[in-house]
Amino acid sequence: MLLDLTAAFDTVDHELLISRLERQFRLRGVVLEWFRSYLSDRTFRVVFSGSTSSIIYVVCSVPQGSVLGPLLFIVYTADLAAIAEKHDISLHAFADDMQLYLHCRRTDRASAGARLEQCITDVGRWMCANRLKLNADKTELLWVGSRHSFSQQDCCLPVLQLGSDSIVARDHVRLLGVTLSSDLSFDRHVSIVSASSLYWLRQL
């Protein structure tokens, strides 16, 4: 399952992040003050056609495009690994790209779906408490198996309920530039890369 967060980097609370660095990661003294200095007193303004906007003071977020930005976001969301582990689900994260994984038999899909649904509910509660927002519209679900297992007549893929939103399984998802299909073949990914390559070759 691929989780999508709404404006994830922009809503990181500075005080919560500093507190997490101190209590969970045991940063003290000068090192902690370096991070506090890095995050505090940031401002921005827009200059366009000779006009300049008023100065905006940045009271939350981690700087995007920086080396520390993704690292600080991972630190900020470190608690999510423990939430996933509580439900016996694996969590993989690369900055704000997060995926939940679990393994089950074809006959146990319903119970696995219920477990995944409860895990996502707990993740959503944690995010609300930490000023993050899970975007249900862009959260994607992929059930993976062999072509034979999906061809079975009794193969019914569970639909997950996330609040008032229903998350229906897809036959493919895009993860860090790679298109993954439910049967783990690379046919669709190869087709997409080939089409893109052909387009750019024609531009030459």
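This is a short tour of a predicted model, moving from its helices to a small sheet and then to its salt bridges.

**Stop 1: helix α1**

Start by selecting α1, residues 14-23. Colour His 14, Leu 17, Ile 18, Arg 20 and Leu 21, which are the buried residues of this helix. Now look down the axis: these residues fall within an arc of 160 degrees, so they line one face of α1. Turn to the face directed away from that buried side and you will find Glu 15 and Arg 23, both exposed.

Next, bring up the surroundings of the buried residues. They pack against α2, β5 (56-58), α3, α4 (79-86) and α5. Before leaving, zoom in on the start of the helix, where a side-chain oxygen of Asp 13 comes to within 3.0 Å of the backbone nitrogen of Glu 15.

**Stop 2: helix α3**

Move on to α3, residues 68-76, and show Gly 69, Leu 72, Phe 73, Val 75 and Tyr 76, which are buried. Where do they sit around the axis of α3? They cover an arc of only 160 degrees, which puts them on the same side of the helix. Display α1, α2 (29-39), β7 (97-101) and α5 (109-129) as well, since the buried residues of α3 pack against these elements.

**Stop 3: the three-stranded sheet**

From β7 you can step into an open sheet of three strands, ordered β1-β7-β6 with antiparallel pairing. Select β1 (2-3) and β6 (90-94) to see the edges: each has a single partner strand, so one side of each lacks a neighbour in the sheet.

Now focus on β6 and β7, which are paired over five bridges in the antiparallel sense. Ser 90 stands opposite Tyr 101 in β7, and Ala 93 has Met 98 of β7 as its bridge partner. The two strands form a hairpin with two residues between them. Pick Ala 95 in that turn, and check its positive phi of about 55 degrees.

**Stop 4: Asp 122 and its partners**

Go to helix α5 and select Asp 122. Is this residue buried or exposed? Its relative accessibility is 13%, so Asp 122 counts as buried. Beyond its neighbours within four places in sequence, Asp 122 contacts Ile 83, Lys 86 and His 87. With His 87, the side chains make a polar contact of 2.6 Å.

Then add Arg 125, whose side chain meets that of Asp 122 in a salt bridge (3.5 Å, N to O). Both residues are in α5, three residues apart, about one turn of the helix. Arg 125 is exposed, at a relative accessible area of 57%. Show Lys 86 too, and you have a network of salt bridges that links Lys 86, Asp 122 and Arg 125.

**Stop 5: two salt bridges further along**

The model has six salt bridges in total. For another one, select Glu 140 and Arg 170, with their closest N and O atoms 2.1 Å apart. Glu 140 is in the loop between α5 and α6 (147-150) and Arg 170 in the loop between β9 (165-167) and β10 (172-175), so the pair ties together parts 30 residues apart in sequence. Glu 140 is buried at 17% relative accessibility, while Arg 170 is partly exposed at 37%.

Finish with Asp 171 and Arg 188, a salt bridge whose closest N and O atoms are 3.6 Å apart. Asp 171 lies in the loop between β9 and β10, and Arg 188 in helix α7 (residues 187-203), so this pair joins parts 17 residues apart in sequence. Asp 171 is partly exposed, at 42% relative accessibility, and Arg 188 is also partly exposed, at 34%.

Terms used
Residues numbered from 1 in each chain as written. Predicted model: local features only at pLDDT ≥ 70, side-chain atom pairs only at ≥ 80, totals over all residues. Heavy atoms only, no water. Buried < 20%, exposed > 50% of the residue type's maximum accessible area, 1.4 Å probe, protein only. Helix = DSSP H or I, 4+ residues; strand = E, 2+ residues; numbered from the N terminus. Arc of directions from axis to C-beta. Contact = heavy atoms within 4.5 Å. Pairing = 2+ DSSP bridges. Polar contact = N/O pair within 3.5 Å; in protein donor to acceptor, adjacent residues only side chain to side chain. Salt bridge = Lys/Arg side-chain N within 4 Å of Asp/Glu carboxyl O.
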